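Some labels used for a structure rest on a cut-off. The questions below ask how such labels are reached.

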Amino acid sequence: MMEPTMEIAMRNESHKASAIFLDNELVITSGLILSDNESCIEQLSNAVMHSSVVEIGKAAKLNDISQLDFRVVCKHEKVLREQPARAYQIVYSRRVKECLETMLEGLHVCINGDMKPVRLYATLFASIIVLSTNVSKRVSLDQVKLVFERLQPSDNVRVKLLDKVVTVSTPFGDESFFNTLHVGHVSNIFGEQDCVLLLDTHLSSGCQGGAVYNYHMKLQGMLIGATFMYRNENVSFPLAINMEEIMSIVLNRRNLCQSISMSLPVQAFQSVCMIDSQGCWGTGCAFELNGKHYIISCAHVLATDNITCVFNDRTIMHPKLVYKNPVFDSAYDIALMEATFEEAQSSNWYCQLANYIPRLGQRLYAVGFPVFKSLASGTVFKPSVIPGRATKYSEGILFTDCSIQCGQSGGPIFDENGLLVAIAVSNFKSSLDNLIYNCHNMCVPLKDIYSILENFSKTSDKASLAGLQADWSVRSKWKLKPPVILNKL
């Protein structure tokens, strides 16, 4: 069986992207390779309105695309070699386009040096270009189908939430970075028929068209983007088209993926909620302590006392606000809510608190709704599950390298047993370059506030929650004030 084990860089004039060799001659890449050619964009958009698979040479209206001179760079015997290629087919996913235009509305991407709304280029994001390096022989659709037939996964290799993946691409389209590998996980699967994958890998521009493999090097997706702008902030949002979506279109078969099984205990997943407070939103977590049921989040998530919590079984709660730190820009940025008796679920629906400090390097999971409120609205409930590790602990503050972004404030940090070990609060924003580093984040350790929460659960004395306003030393750490350094010289 021929396997897609080679990665290439490809360029059309000055524009470069990554791509994948499916066999000795057949190459696929993202439709974004055409993003610097307005006439080609228009031709492609018109063509895919009528068919999800378009043979370029048979459509006179695609003449500009058929005449493009592509150059493919591949590695042969440890040497990079360039060869010509021609485009022969376009594979287009309506489902991917609709996902980008609805669930992911608001993203901006850099096109030719300018920031553009993703929705304007959604058709390109949702399109795959099929090329061949054998420019003297036309590639028929039947030949393409034969190659894709050999790529079909067995049931045990279909992509699932938290699967480990390896991406292979050429960052920045620069041959110096040819075949760069990044290791990560599938942190979310969304869109109709699970057509889009969200990864936690650290990718950059130029990765579009690159490959997503599982740990057995079976192709599971194609990268379509990594870095975007959202509300004037840089966000890391590595997206890929599920390979099953591509194959279901080419082979005209039903997409059978739709699996969200994962290693994290289901109970932990069930306890996560999206919190909406008069338009201000974030993530929360329901927990049980001494038979009482609470929801914990960040104080800065709650704009008012009018709170709506949406859970994964479509349960909607309007909890009672018990405590909200009045100085939420300092430690601890905590809000505590209590479910009313009528809204409370069975006990196995709530997570349990961890009364210990995670050891450095321990595997942790951040769960929440990065960037998009739409991941928990309507009939959709798709919190992302992002693995990481504890990187540093100092009394009152836990650092992790989970990829946490806006929308995940107040979200839970679980251990591998599904115990709630911390609450995500914020990322680190450097004063040197004014950039937000999403893999360097600060959390409230549950161990450090456990006794306060336990006392309240026993006494219902709200005055006891005043201890959630941390002392000066902890507040100083959260404000990143440098510690005192003793000079013994």
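Q: Why is H216 called exposed?
A: In this predicted model, H216 has a relative accessible area of 62%. Exposed means over 50%, so H216 is exposed.

Q: Where is H216 found?
A: H216 lies in the loop between β13 (211-214) and β14 (219-230). Its C-alpha atom is separated by 9.2 Å from that of V165, and the two residues are 51 residues apart along the chain.

Q: Why are α5 and α6 called oblique to each other?
A: The axes of helix α5 (residues 141-151) and helix α6 (residues 243-250) cross at roughly 140 degrees and come within 10 Å. Roughly antiparallel needs an angle over 145 degrees, and roughly perpendicular covers 65 to 115. The angle fits neither class, and α5 and α6 are therefore oblique. The crossing of α5 past α6 is left-handed.

Q: Which residues make the contact of α5 and α6?
A: On α5 they are V144, K145, F148 and L151, and on α6 they are M243, I246, M247 and V250. These residues divide into seven nonpolar, no polar and one charged. Lys counts as charged.

Q: How are the strands of the open sheet ordered?
A: Seven strands form the sheet in the order β20-β19-β16-β17-β18-β22-β21, with antiparallel pairing.

Q: What makes β20 and β21 stand at the edges?
A: β20 (316-317) and β21 (320-324) each have a single partner strand, so one side of each is left without a neighbour in the sheet.

Q: How do you know that β18 and β22 pair?
A: A pair needs at least two bridges. Four bridges join β18 (residues 292-297) to β22 (residues 335-338), and the two run antiparallel. I296 stands opposite L336 in β22.

How values were computed:
Residues are numbered from 1 along each chain as its sequence is written. This is a predicted model: local features need pLDDT of at least 70, side-chain atom pairs count only at pLDDT 80 or more; totals for chains, interfaces and linings use all residues. Side-chain values use heavy atoms; hydrogens and water are left out. Axes are lines fitted to C-alpha atoms, for helices over the stretch in contact, and angles run from 0 to 180 degrees between N-to-C directions. Angles under 35 degrees count as roughly parallel, over 145 as roughly antiparallel, 65 to 115 as roughly perpendicular and the rest as oblique. A crossing is left-handed if the near helix is turned anticlockwise from the far one by less than a right angle, and right-handed if clockwise. Contact means heavy atoms within 4.5 Å. Buried means under 20% relative accessible area, exposed over 50%, partly exposed in between (1.4 Å probe, protein chains only).
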